[in-house]
Amino acid sequence: MYQITKLYRQYLLLVHYLQGIKRSVFAFFFCLPTSLLALLLLLLLVYNGFSVFCVNLPFPAKSQPEPANLVPGESIGETPVRKRSTKISSFLMYAVKEENPPAILKTQLPTLLKSTFSKVPRNSSSFLRPKRGRKRRIMSQIVSFVDKQRQFQRRITEFFKDSSCKVRFFVTWISSLDSFGDRELFAIESLFKSHPNACLVIVSNSMDSQKGNRILRPFWDKGFKLIAINPDFDYIFKNTPAELWFNRLKEGKVDPGEVSLGQNLSNLLRLALLYKFGGIYIDTDVIVLKSLAKLRNSIGAQTINLETGKWSRLNNAVLIFDKQHPLLFKFIEEFAFTFDGNKWGHNGPYLASRVVKRIDGRPGFNFTVLPPSAFYPVNWSRIRSLFRGPRDKVHSKWLHTKLDQIRKESFAVHLWNKQSRKMKVENGSIIGQIMFVSSVTLPIPSL
């Protein structure tokens, strides 16, 4: 009996021991994933610690422009500068690289040749240095871009050497290629319809590209002379008041304001181009109806005072001036000294109106202010009426009368894109009939 009890106790101890082994095995397997996760997190933490203190250096960059300070400007009419280094830096990139523009409409320029670099300790190990292939690729892109800008003078000089260029036209395009649509193409068509022997220079970053060339190819195939050139601002603004203004802008000493800086830059660029080369500037929403070759040193009035019969506001959508005309210099000077990026039109149409009123009656300026019917037969508030077809007999009669007036008195029609961009051309409308007459055998766009 005693032996049976002893065997039973040994049996219970064996069972208890086996159960302990079983629990240990299960505990090991249950804890294994947690251990692996802890080990993985530890490795990630170590890697993150290295990456915080060791950053690749793509290429050495020049010192960053000094940030704008709350210091009153020293130039006449200069706006006090607030701390807006981000806006100024984003402006420069938009002016020089438009192929991938920001989604927002307000143009802002990132620093020319902006580099993203961080400080790296001198004793950093060689494995922290950037890959040579990447560095060479980045430097190649920079050199290519700088060369593209420096080619502006050579390319435009060679372009104008063509003796068949009877009239010089300039257009600026500061937006992306996606925004260059049927309306802009039709504006170019109408220009060549009225001036088949003209030369057109499209000053643009985005258009001076392979995709831009594909857009312009139909005009080259028809034998028309046009070219898209990336602007060299330093060359274009040289020896004008715009030179100092642009340098201060790049240094962060000019407040770009809330209005699209691309729009304001376009206002300045058109003045500087005409001052340097002479010719005709037109906006891309201007449909040309007649030859402008006989006009010289002219600017169009947008509105007139019905009581006095004198103009009350000028517009800069169409400008026709000789090279180095004194009025253009005054326009550029006014832009540089009174620039205000927070007031729409202050650096454009209102600028032209201010300067012309100021010099009225002074000798040495030879120019003509054309009536609104020349380029602006319909004001912006009524431009939609040109896109609508006849509603009834009375409306149909008005359309025919207005169309006859435009054909007799107008050299061009400004479409006021901001107000009419979403308008469709209806059958029997004035714009529809103008399109039919102004086409140069390219497919008639829908606008």
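Here are some questions and answers about this predicted model.

Me: How many helices and strands are in the protein?
Reply: Let's start with the big picture. The protein has 447 residues, and 45% of them count as buried. Its secondary structure is made up of nine strands and 14 helices.

Me: What share of the contacts with a separation of 6 or more comes from residues 24 or more positions apart?
Reply: Here we leave aside pairs with a separation under 6. Of the contacts that remain, residues 24 or more positions apart account for 77%.

Me: How much area does the protein expose?
Reply: Carbon and sulfur atoms supply 57% of the exposed area. The total is about 25,700 Å².

Me: Which cysteine does the disulfide join to Cys 165?
Reply: The structure holds one disulfide. Cys 165 is in the loop between α3 and β1, while its partner is in strand β2, so the pair ties together parts that are 34 residues apart in sequence. The S to S distance is 1.4 Å, and the partner is Cys 199.

Me: Is the disulfide of Cys 165 and Cys 199 left-handed or right-handed?
Reply: Look at the torsion about the S-S bond, which is about -70°. That value is negative, so the disulfide is left-handed.

Me: Is Cys 199 buried or exposed?
Reply: Buried means under 20% relative accessible area. Cys 165 has 16%, so Cys 165 passes as buried. Cys 199 has 0%, so Cys 199 is also buried.

Me: How far apart should the ends of helix α9 be, at 1.5 Å a residue?
Reply: Helix α9 covers residues 326-338, which makes 13 residues. The expected span is 1.5 Å times one less than the number of residues. In the model the end C-alpha atoms are 18 Å apart, which agrees with the expected 18 Å.

Me: Which residues of α9 are buried?
Reply: Several elements help to cover them, including α7, α8, β6, β7 and α10. As a rule, an α-helix has 3.6 residues a turn, so residues three or four places apart point the same way. The buried residues here are Leu 327, Leu 328, Phe 331, Ile 332, Glu 334, Phe 335 and Ala 336.

Me: Which residues are linked with Glu 334 in a network of salt bridges?
Reply: Glu 334 is one of the buried residues of α9. Side chains of opposite charge can pair when their charged atoms come close. In this network, Glu 334 is linked with Arg 354 and Arg 358.

Me: How many residues of β7 are buried?
Reply: β7 has 11 residues and is mostly covered. β7 runs antiparallel to β4, joined by four bridges, and antiparallel to β6, joined by six bridges. The number of buried residues in β7 is eight.

Me: What is the bridge partner of Ile 299 in β7?
Reply: β6 and β7 form a hairpin with six residues between the strands, where Gly 309 takes a positive phi near 80°. On the β4 side, Gly 279 has Phe 321 as its partner in β7. For Ile 299, the partner is Leu 319.

Me: Is Asn 297 buried or exposed?
Reply: Asn 297 is in the loop between β5 and β6, and has a positive phi of about 50° although it is not a glycine. Asn 239 also has a positive phi, near 65°, and at 62% relative accessibility it counts as exposed. Asn 297 is at 6% and therefore counts as buried.

Me: Which residue meets Arg 155 in a salt bridge?
Reply: The whole structure has 12 salt bridges. In this one, Arg 155 is in helix α3 and the partner is in the loop between β2 and α5, so the pair ties together parts that are 53 residues apart in sequence. Arg 155 is buried, with a relative accessible area of 18%, and the partner is buried at 9%. With 2.9 Å from N to O, the partner is Asp 208.

Me: Which residues does Thr 284 touch, not counting residues up to four places away in sequence?
Reply: Thr 284 is in the loop between β4 and β5. Its relative accessibility is 15%, so Thr 284 counts as buried. The residues it touches are Val 171, Thr 172, Trp 173, Arg 183, Glu 184 and Ala 187.

Definitions and conventions. Residues are numbered from 1 along each chain as its sequence is written. This is a predicted model: local features need pLDDT of at least 70, side-chain atom pairs count only at pLDDT 80 or more; totals for chains, interfaces and linings use all residues. Side-chain values use heavy atoms; hydrogens and water are left out. Helices (H or I, at least four residues) and strands (E, at least two) are DSSP runs, numbered from the N terminus. Buried means under 20% relative accessible area, exposed over 50%, partly exposed in between (1.4 Å probe, protein chains only). Contact means heavy atoms within 4.5 Å. Accessible areas come from the Shrake-Rupley method with a 1.4 Å probe; for residues, only the protein chains shown count as cover. A disulfide is a pair of cysteine sulfur atoms within 2.5 Å. Two strands pair if DSSP finds at least two bridges between them. A salt bridge is a side-chain nitrogen of Lys or Arg within 4 Å of a carboxyl oxygen of Asp or Glu.
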